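Q: I should like to learn how to read the features of a protein model one at a time. Could we begin with a charged side chain and go on from there?

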Amino acid sequence: MNFSPGTATLLEELDKKLMVLLRDGRTLIGYLRSVDQFANLVLHRTIERIHVGKEYGDIPRGVFIVRGENVVLLGEIDKDKGGDLPLQQVSVDDILDAQRREQEAKQDQEKLLAKALKERGLHYIPDLSHDDMF
């Protein structure tokens, strides 16, 4: 087996369907069309898949350019196992609504935590790791 270190190994993934997890938490699925020495990716026929609980929805995104430093995880989609997901596909509107509700619930929990810590004389700093991406 010939092993090429670094981004050169991505050349073997050209024209394959990949799942890419981004630093901001988004999940993209598309065909890898190009890659450079910085692991910047060009994905074709890309969808953004949103998961909420046991439901998911796909938003068509077309051609998508991803800066290499934003890639957390990348892997080939197994065509044989794609239909075996224990998830239910819902419409884009339904998944966006579910995502909004989930984010509001998380914000409410963070407010309660901040209030409880403040009452105990502590200061709560929320995790902003995803917010600095936009």
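A: Let us start with R61, bearing in mind that this is a predicted model. R61 has a relative accessible area of 38%, so it counts as partly exposed.

Q: With which residue does the side chain of R61 meet in a salt bridge?

A: The general idea is that side chains of opposite charge can pair when their charged atoms come close. Here the partner of R61 is E48, with an N to O distance of 2.8 Å. The pair links distant parts of the chain, since E48 belongs to strand β3 and R61 to strand β4, 13 residues apart. E48 has a relative accessibility of 8% and therefore counts as buried.

Q: How many salt bridges does a search of the whole structure find, and which others deserve attention?

A: The search finds 9 salt bridges. One of them joins the side chains of R49 and D58 at 2.7 Å, N to O, and both of these residues are buried. Elsewhere, salt bridges that share partners unite D97, R100, R101 and E104 in one network. A further salt bridge is formed by D24 and R26, at 2.8 Å from N to O. Its two members differ in accessibility: D24, at 11%, counts as buried, whereas R26, at 27%, counts as partly exposed.

Q: How should the sheet be read, and what is the order of its strands?

A: The sheet is open and has 6 strands, in the order β5-β1-β2-β3-β4-β6, with mixed pairing. β5 (71-76) and β6 (88-89) stand at the edges and have a single partner strand each, so one side of each lacks a neighbour in the sheet.

Q: Which strands pair with β1, and in what sense?

A: β1 runs antiparallel to β2, and 5 bridges join the two. V20, for example, has L28 in β2 as its bridge partner. β1 also pairs with β5 in the antiparallel sense, over 5 bridges; there the bridge partner of L21 is L73. β1 and β2 form a hairpin with 4 residues between them, and G25 in the turn has a positive phi of about 95 degrees.

Q: Where do the side chains of β1 point?

A: In a regular strand the side chains alternate between the two faces of the sheet. β1 shows this alternation: L18, V20 and L22 point to one face and are buried, while K17, M19 and L21 point to the other face and are not buried.

Q: Which residues make up the largest nonpolar core?

A: As a general idea, nonpolar side chains in soluble globular proteins tend to be buried together. The largest nonpolar core of this model has 12 residues, among them L18, V20 and L22, together with L28, F64 and V66. Four strands, β1 (17-22), β2 (27-35), β3 (41-52) and β4 (55-66), each supply at least two residues of this core. A second, separate core has 6 residues, including V52, I59, V90 and I95.

Q: What does L22 touch, leaving aside residues up to four places away in sequence?

A: With those residues not counted, L22 touches L28, V66, N70 and V72.

Q: Where does helix α1 lie?

A: Helix α1, residues 92-119, lies across β3 and β4. Its direction is at about 65 degrees to β3.

Q: Which residues have a positive phi although they are not glycine, and how should that be read?

A: Most residues other than glycine have a negative phi. Among the residues that depart from this pattern are D15, with a positive phi of about 65 degrees, and A39, with a positive phi of about 65 degrees.

Q: Where are D15 and A39 placed, and is each one buried or exposed?

A: D15 is in the segment before β1, and at 53% relative accessibility it counts as exposed. A39 lies in the loop between β2 and β3. At 18% relative accessibility A39 counts as buried, because the cut-off for that class is under 20%. A39 is also one of the residues of the largest nonpolar core.

How values were computed:
Residues are numbered from 1 along each chain as its sequence is written. This is a predicted model: local features need pLDDT of at least 70, side-chain atom pairs count only at pLDDT 80 or more; totals for chains, interfaces and linings use all residues. Side-chain values use heavy atoms; hydrogens and water are left out. A nonpolar core is a set of buried Ala, Val, Leu, Ile, Met, Phe, Trp, Tyr and Cys residues joined through side-chain atoms within 4.5 Å. Buried means under 20% relative accessible area, exposed over 50%, partly exposed in between (1.4 Å probe, protein chains only). Contact means heavy atoms within 4.5 Å. Two strands pair if DSSP finds at least two bridges between them. Axes are lines fitted to C-alpha atoms, for helices over the stretch in contact, and angles run from 0 to 180 degrees between N-to-C directions. A salt bridge is a side-chain nitrogen of Lys or Arg within 4 Å of a carboxyl oxygen of Asp or Glu.
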